[in-house]
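Q: Could you take a close look at one part of this protein for me and walk me through its surroundings? I work at the bench, so a plain, connected description would suit me well.

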Amino acid sequence: MTDSRLLRGTLVGFLNDPGEGDTPEPGSVLHIEDGALWLVDGRIHAVGEYTTLAPHLPAGLEMVDYRGKLILPGFIDTHVHYVQLDIMASYGRQLLDWLNEYTFPEECRFAERAHAETVAEAFLDETLRVGTTTAQVFCTSHPVSVDTFFTAARKRGLRMLAGKVLMDRNAPEALTDTATGGIADSERLIADWHGRDRLGYTLTPRFAPTSSREQLDAVGGVLRNAPDLHLQSHLSENRGEIDWVAELFPEARDYLAVYERYGLVGPRSTFAHGIHLSDGERKRLAQAGANIAFCPTSNLYLGSGLFDRRACREAGLNISLASDVGGGTDLSGFGTLKAAYQVGQLLGQPLTAWQGFYRLTLGNARALHLDAHIGSLREGGEADLVVLDPRATPLLSRRTARAQRLDELLFALMILGDDRTVLATWANGRCVHQRDAVPTHRVSHAPGQPA
C-alpha cells in the first residue's frame with residue numbers, strides 16, 4: 001500500500017552554496033511562501049506552489065497544514081558522541097583533562113547492553129526533538145554500543161552514520177582494544193550494518209594519541225578496500241593535544257601528516273575541530289577533499305580556541321557544522337548556529353543566516369557525500385524534514401513579527417530559536433516528533449480541481 005500525504009507551508013531550502021555575502025548567490029535559495037511537498041513512500045514526490053500542485057492531488061490524500069510555519073530539510077550533525085549524552089555540562093576541564101575525568105569513565109558503562117540501549121533511545125529522542133534527522137556518530141570501543149545505536153536508528157527509519165571507536169593505547173584498559181581485534185570488530189559491524197536500510201558505517205579511530213601506528217595502518221587498509229565507508233576522527237583541537245601528538249609521532253612533520261601517512265585523509269573523511277591548523281594543513285586537507293567539522297559550542301566550552309572559518313574557505317576546504325556533544329553544550333542546530341555566529345564575530349567573519357542554514361542542511365549533506373539522498377527539498381529526495389514555528393515563544397514571536405525579509409526571519413530563528421521552535425520532525429516520510437497538535441484533513445475535491 002502506498003504511503004502518501006501532503007505537507008503545506010512555507011518551503012525554505014538551498015540549491016547551492018549561497019556564499020558569504022549578505023545577499024545569497026543567485027539561484028542558491030528555494031523559497032515558496034505557500035508551498036507544498038507531496039510525500040510518497042518516504043520520498044518527495046513533488047514540490048512546488050500549493051496552487052500548482054493542488055489540481056494534481058488525488059481525492060482523499062491526507063494534508064498536514066503547516067501554514068505560518070517554515071518547512072526545511074532536516075538538520076544534519078556531522079560530529080557527535082551519543083555516548084556522552086549524560087556528561088554534558090560537566091564542569092571545568094579542558095580537552096585532555098575532560099577526557100580522563102568524565103569521558104573515559106562514562107564510556108566504560110557502554111559495555112552493558114541495557115545501558116547502551118537506554119542512552120541510544122534517549123539520544124535519538126533528543127536529536128529528533130531538535131530537528132536533527134541525520135548525524136555522524138561516535139559510539140565507544142564496545143561493539144555493543146554500535147549495535148544498539150544502529151538498531152534504534154533503524155527502528156525509526158533514520159539515515160545515520162556511526163562507528164566503533166578504535167583505540168589501543170593511552171586509555172583505560174576497559175576501553176582499549178587491539179590493532180587486530182579492533183579491526184575485526186569493525187569488519188563484523190560493517191558487514192552487519194553498512195548499507196542496511198538508511199545506515200552507513202564510519203571508521204572511527206578516536207584520535208592519533210590513542211591509536212598505535214599498527215592500528216592506524218590497519219584502518220587505512222580497510223578504507224582502501226572499501227572506499228564507500230566514511231572515516232571520522234579529531235584533529236588539532238587543543239594545543240596540549242598537538243604537543244602530545246608531536247611527542248608520540250616524532251617522525252611526522254605535523255598532526256595531519258600522521259593521518260596522511262596511513263591513508264586516512266580522503267573525500268569521506270571528517271576531522272572534528274581543526275582549530276589550530278596551519279595554512280599548509282588546510283590546503284592539504286582541501287586537496288584530499290576532506291571536511292572539517294566546526295563545533296563551536298564545544299570549542300568555547302572546553303576553551304579550545306576560535307575556529308577560523310574564513311581561512312578554511314579561502315583554502316577551498318570543506319566545512320561542516322556539528323554539536324560535538326558531550327563537549328558541546330547543545331544538540332540543537334540553533335545552539336550551534338548561535339555559537340558559530342559569536343565565534344565569527346570575534347574573528348571579524350560573522351556567519352549569515354543564509355550560510356548558517358545552508359551548512360546545517362545541504363552543506364553538511366555535501367560534506368558527508370549524502371546530498372544525493374538528503375539536505376534539500378527536491379523531487380526524488382528522501383523526505384527528512386523539520387518544521388519551524390516562528391512564534392514558538394513569546395519573545396521569538398515579538399521578534400519575528402518585525403521581520404520584513406526571509407533573511408531577517410532566519411537570523412532571528414538562528415539566534416533566538418531552541419528546541420521549542422521545532423514544531424515537527426519528519427524522517428523517511430513519517431512524523432517522528434510532534435510538539436503539539438497540527439491540523440490535518442483529507443483532500444476532498446475531485447482530482448483536477450484546486451482546493
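**A close look at Arg-206**

Q: Where is Arg-206 found, and what does Arg-206 touch?

A: Happy to help! Please keep in mind that this is a predicted model. Arg-206 is found in the loop that lies between strand β9 (199-205) and helix α6 (213-225). With a relative accessible area of 2%, Arg-206 is buried, because the cut-off for that word is under 20%. Its side chain has a polar partner: a contact of 2.7 Å joins the side chains of Arg-206 and Glu-107. Glu-107 also appears among the residues that Arg-206 touches, once those up to four places away in sequence are set aside. Others on that list include His-81, Gln-84, Leu-99, Thr-103 and Phe-104. Further along the sequence, Arg-206 touches Phe-138, Val-165, Leu-166 and Met-167, as well as Ser-233 and His-234.

For another buried loop residue, turn to Ser-28, which sits between strands β1 (4-14) and β2 (29-40) and has 1% relative accessibility. Ser-28 and Leu-15 are 13 residues apart in sequence, yet their C-alpha atoms are 4.8 Å apart in space. Leu-15 is one of the residues that Ser-28 touches, along with Gly-13, Phe-14, Asn-16, Asp-17 and Pro-18.

Phe-14 leads on to the nonpolar interior, as Phe-357 touches Phe-14 too, and also Leu-72, Phe-75 and Phe-334, among others. Phe-357 belongs to the largest nonpolar core, of 101 residues, where Tyr-82, Phe-149, Leu-285 and Phe-357 touch the most other members. A second, separate core of 18 residues includes Leu-30, Ile-32, Ala-383 and Val-438.

Terms used:
Residues numbered from 1 in each chain as written. Predicted model: local features only at pLDDT ≥ 70, side-chain atom pairs only at ≥ 80, totals over all residues. Heavy atoms only, no water. Helix = DSSP H or I, 4+ residues; strand = E, 2+ residues; numbered from the N terminus. Buried < 20%, exposed > 50% of the residue type's maximum accessible area, 1.4 Å probe, protein only. Polar contact = N/O pair within 3.5 Å; in protein donor to acceptor, adjacent residues only side chain to side chain. Contact = heavy atoms within 4.5 Å. Core = buried A, V, L, I, M, F, W, Y, C linked by side-chain atoms within 4.5 Å.
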